[in-house]
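Biologist: I am new to protein models and would like a close look at one part, a single residue and the strands, cores and charged pairs that can be explored from there. Please take me through it step by step and explain the terms as you go.

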Amino acid sequence: MSSSDNGPQGGTSAEAASAAPPQNNNVADALEERLIDAEYKIWKKNTPYLYDFVMTHSLEWPSLTCQWLPNPKETGTMGESKTMEHSLLLGTHTTGEQNYLMVASVHLPKQDAVLDYRNANNTTNNTNTAAGTSSSSTQKHYDDDKKEVGGFGHSSTNTAGGASSSSAASNASVGKIDIKMKIRHDGEVNRARYMPQNHFMVASRGPNPEIYIWDLSKHPSFPEDSDSTATSPQAVLAGHDREGYGLAWSKLTQGRLVSGSEDTTLCLWDINSNSTSSGGQQQNAISKFLGHTDVVEDVDWHHRDPNMIGSVGDDRQIMIWDVREKNAKKAVHSVTNAHEGDINCIAFNPANEFVLATGSADKTVALWDMRNLKSRLQTLAGHTDQVYQLEWAPFNESILGSCAADRRVAVWDLSRIGTEQTPEDAEDGPPELLFMHGGHTSKVSDLSWNANDEWTVASVSEDNVLQIWNMAEEIYTPEEEDEAEMSSGEGEDQLLGEEDLE
């Protein structure tokens, strides 16, 4: 490769020909960039019709991980504000620079708030001094060079005096995303997850075999010594020999954490076994599971059984474990060749104790029934590249989100499986493919549903972009409800049909 890059020096025609592939690759890369750019422009123009809001934030460095924290708080005066401040757990992924575990604040509109999202950031204010209030005329922000509507999902309003200034200022913050906490991390953050029983306790992992436990309440918002590179986790979990990504807290037993690694093992931890008050205290795994024969990519806890965990890996196996089992090599259930490629992720359904989902490098998502793992329930096909991560929606057991290397986040509605489609609808994908988010221009590393704001999703991609989005209500509202509204007399301003024109 290096010789091709340098080019042939006095070589034969055969040697010159060997230098051609990189040029072809450059052409292919350029064409792909143009395609991505064109797709993005089309997506951007259609955002007002596809979303209730979209927020795009450019991070300083890419984040491979994102997770909503469960502690939203109202902004501004109680009762007057139309926004809530939510928190999002992020990380950095860079070499040669200091990496950080981060918490971002995201201002989202309340569920019952009425805001004109199609008005954007350019605002002209006219103050009505007689009433002590202000009125504003907001123009649509249109980029003439890019020929696209920008700022969708953002509202910017400045007030001058009046009793409503605090609430108006709060409303102006819709779409505002700020980093409000940074903690030095040893190496890039591969994944970070908070403990469900105490959101201040966070587990993270990076390029080192160790896993770090942080108590966010014991760290300043930003590092006090800007010159120092020292890290100070509350605990360091030792047990793996190599790095990894799989990391999951038990939702039923406080302090229990399971991890998977490139060393082909799973480790089980109980951070309650030792105090985590002293900085950097090392803890050893209480159990180690040895059934996989290749990299363990992901792990998850069952939502009903406190002793059941699942794992998947590059050996294409699904393994179900009972943490009480003394034989470390004995899985309760195992599925060999569950996919045609490496299995990157696993997620147990939070409401249905028998259903789990897996995502693979074979570009598919598979659904499985725990009562019969000999064959999959359903294959969800819609991605065009390997699936990286899965997450079930916390508000509806039939809604599943998946993100992939194809720059897309898919939202699946399992209740629509088998629904009849017109040939035109079938061209857009299977009936269970509810929505495809196309706002990213690079591989999507992670996604997270907001448990405190239904249908709101955070997703991060390798090009430093964080997006917060909420699809239009018309997309997920059942058609039966729409028909009921029409029959009740609502929506009588509908378009006239041909018969009406006669």
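Modeller: Here is a walk that begins at one arginine and then moves on to the sheet, the cores and the salt bridges.

This is a predicted model, in which local features need pLDDT of at least 70 and side-chain atom pairs count only at pLDDT 80 or more, while totals for chains, interfaces and linings use all residues. Residues are numbered from 1 along each chain as its sequence is written, and side-chain values use heavy atoms, leaving out hydrogens and water.

Let us start with Arg191, which sits in strand β10, residues 191–195. (Strands, E, at least two residues, and helices, H or I, at least four, are DSSP runs numbered from the N terminus.) Arg191 has a relative accessible area of 7%, so it is buried (under 20%; exposed is over 50% and partly exposed in between, with a 1.4 Å probe and protein chains only). Its neighbours beyond four places in sequence include Thr65, Leu247 and Gln389, where touching means heavy atoms within 4.5 Å. Ser204 is 13 residues from Arg191 in sequence, yet their C-alpha atoms are 5.6 Å apart.

What does the side chain of Arg191 meet in a polar contact? One partner is the side chain of Asp298, at 3.2 Å. (Such a contact is a pair of N or O atoms within 3.5 Å; within protein, one must be able to donate a hydrogen and the other to accept it, and residues adjacent in sequence count only if both atoms are side-chain atoms.) A polar atom of the Arg191 side chain also lies 3.4 Å from the backbone oxygen of Tyr245.

Strand β10 also holds Arg193, whose side chain forms a salt bridge with Asp446, 3.1 Å from N to O. (That term means a side-chain nitrogen of Lys or Arg within 4 Å of a carboxyl oxygen of Asp or Glu.) Asp446 belongs to β31, so the pair ties together parts that are 253 residues apart in sequence. Both ends are buried: Asp446 has 1% relative accessibility and Arg193 has 13%.

From Asp446 we arrive at the sheet that contains β31. This open sheet has 4 strands in the order β1-β33-β32-β31, paired antiparallel; strands pair if DSSP finds at least two bridges between them. The edges are β1 and β31, each pairing on one side only. Inside it, 5 bridges join β32 to β33, and Val457 stands opposite Trp469.

Trp469 brings us to the largest nonpolar core, which has 20 residues. (A nonpolar core is a set of buried Ala, Val, Leu, Ile, Met, Phe, Trp, Tyr and Cys residues joined through side-chain atoms within 4.5 Å.) Val411, Leu434, Trp455 and Trp469 touch the most other members, and β31 gives the most to the core, with 3 residues. Trp455 touches Val411, Leu434 and Trp469, among others. Val411 stands opposite Phe435 in β30, a strand with 4 of its 5 residues buried.

Back among the charged pairs, the whole structure has 14 salt bridges. One of them joins Lys180 to Glu85 at 3.6 Å, linking strand β9 to strand β3 across 95 residues. Lys180 is partly exposed at 31%, whereas Glu85 is buried at 13%.
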